[in-house]
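User: I would like to see how the labels in a structure description are earned. Please take me through some of them.

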Amino acid sequence: RLLARVSLDREIMTSERPIKAGTLHGKARRHAPFREMLVELQKNRLVAYHYDKVKDTTLAHYTIVNQRVVQLEKLPTDTQFGFTFEGGVEYQSPIKINKVYPDTPAMKSGEVYEGDVIFELNGISLWGKSHSDMTKIAKDGGKTMTLHLACLNPRDIGSMVLSSGKGESESSAEGELALIAEIPLLMASVCKYERGTALVRSDGFEVVSSNGKQELSLLFNASTADLMTEWISAISDTVKKLNKNEVEKWNTWTELEDYEQILHMGTVHELLPANAHYKVWQRKALVVTKGHLNIFSSLPDSVEGWFRPEESYSLHQITVKIMKLPNDERVQSSQKRANSIIVQSGTGKSHIFSFESHHELESWLKELHDASITAVNELKRHSYRGIWNDMSVLFTIDIDQGFLVEDMHHTILWSKPFSRLKHSFDDGSSQLNLKFGKHENESIELLAIKLEDLYMAVCTIEAFMIAKVASQDMKSLERVLNASH
């Protein structure tokens with residue numbers, strides 16, 4: 001039932017108002033030329049149509065929905081009506097609302113939306129009018145404006161036939177607004193880098209996803225930096241909402257153990273060897289559960305696939321650090337991307353992931369940080385085998401008691417709270433040294449212990465101490481709040 005429902009969700013064609021619509025230069029194949037496209041951002045997919053096949057803008061050839069008349073008036077405090085428009089006969093495009101700005105008459109009306117077609121302005125039909133005609137008509141209206149708006153039905157766009165200068169009986173494929181590509185936006189990625197490299201596109205971006213069988217992509221060029229930013233932001237926000245909804249569905253529909261519940265998921269790019277001398281950035285899917293960080297080469301297309309990640313790490317046995325560019329020597333200068341992190345596992349294996357923005361980087365760091373704290377608080381303690389004073393012992397990190405040395409029956413032989421730790425170092429092989437002291441003038445006590453899994457223990461110490469600090473900060477906050485009442 002789960003698989004059937006997921007498939008149905010991905011196949012449903014809605015006729016709802018698009019989130020954003022407009023024209024961009026783009027292509028669906030990497031070596032194809034760029035061409036003008038009609039692009040619609042819908043709630044679960046990005047759709048592109050051949051736009052240069054539209055020969056005129058005759059209203060009769062469009063299916064129009066939600067027609068309405070909107071009256072706007074500029075108050076003394078308003079400098080503009082609050083929207084921009086695009087299109088015109090010279091662009092072979094209907095004139096449409098391009099952007100609506102907050103705290104303006106257009107936004108406050110609640111009836112003006114991005115992507116709306118304007119087919120009358122102040123009683124004058126705009127069909128067959130140019131962009132400059134629209135500007136003049138708007139200026140002549142003074143402080144008031146009457147807009148006759150409508151929305152093109154997305155379901156009908158792919159099949160509607162537009163005039164090509166021939167009679168209707170002679171219409172052919174040359175007169176159709178043909179579908180170029182549909183990109184499902186669940187777990188899609190929006191990337192400004194040229195594929196596989198650290199080279200940033202100055203005026204374009206790529207949207208990449210999968211339909212479960214093959215990778216799909218659309219590459220766009222934007223005429224201005226602001227237009228590119230608007231589209232990237234709108235698509236990225238839509239992807240995040242879809243991913244969040246998918247997490248909620250997954251946790252609701254499946255009977256997972258509590259520790260298997262998904263907390264966050266999305267796509268990143270990982271730096272991987274292409275050959276012995278060169279590395280490339282490859283798209284990966286990351287899934288954070290209550291106990292693990294799971295890495296997938298592609299989004300699983302079955303329920304069973306979610307339980308077979310390419311790599312999986314316990315959250316309390318990894319460390320996550322922001323890469324300090326350009327000084328980090330782990331990556332060649334020509335391959336360095338901004339907004340990157342390195343995930344180091346207790347096994348010694350590491351992963352370098354890049355994100356599209358600093359905001360996205362911070363968001364992922366917070367998700368990993370919060371998930372690690374949750375995992376530690378549920379785990380409560382973890383032990384590693386070691387040698388101490390020539391005895392086989394268990395070195396235990398306990399969220400409540402701190403550091404413990406126990407015998408094999410878990411009898412405590414030695415202990416110190418986290419708050420007493422002053423310094424730590426190791427020999428890079430097996431020996432861990434922890435220095436403890438309470439005050440500056442107190443003598444330092446040293447714990448020297450040999451561990452079978454040194455780096456695994458170091459990662460666990462860091463995870464537990466972060467969780468402990470977080471819990472103490474929360475208790476302090478609760479005391480302050482209680483005192484204020």
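Analyst: The turns below deal with salt bridges and burial.
This is a predicted model, in which local features need pLDDT of at least 70 and side-chain atom pairs count only at pLDDT 80 or more, while totals for chains, interfaces and linings use all residues. Residues are numbered from 1 along each chain as its sequence is written, and side-chain values use heavy atoms, with hydrogens and water left out.

User: What makes E182 and R45 a salt bridge?

Analyst: A salt bridge is a side-chain nitrogen of Lys or Arg within 4 Å of a carboxyl oxygen of Asp or Glu. For E182 and R45 the N to O distance is 2.8 Å, so the pair qualifies. E182 is in strand 10 and R45 in strand 3, 137 residues apart; strands are DSSP runs of E with at least two residues, helices runs of H or I with at least four, numbered from the N terminus.

User: Why is R45 called buried?

Analyst: Buried means under 20% relative accessible area, exposed over 50%, and partly exposed in between (1.4 Å probe, protein chains only). R45 has 7%, so R45 is buried. E182, at 30%, is partly exposed.

User: Which parts does the salt bridge between E462 and K321 tie together?

Analyst: The N to O distance of this pair is 3.2 Å. E462 lies in helix 7 and K321 in strand 18, so the bridge ties together parts that are 141 residues apart in sequence.

User: How many salt bridges are there in the whole structure?

Analyst: A search finds 16. Salt bridges that share partners join R195, R201, E206 and E215 into one network.
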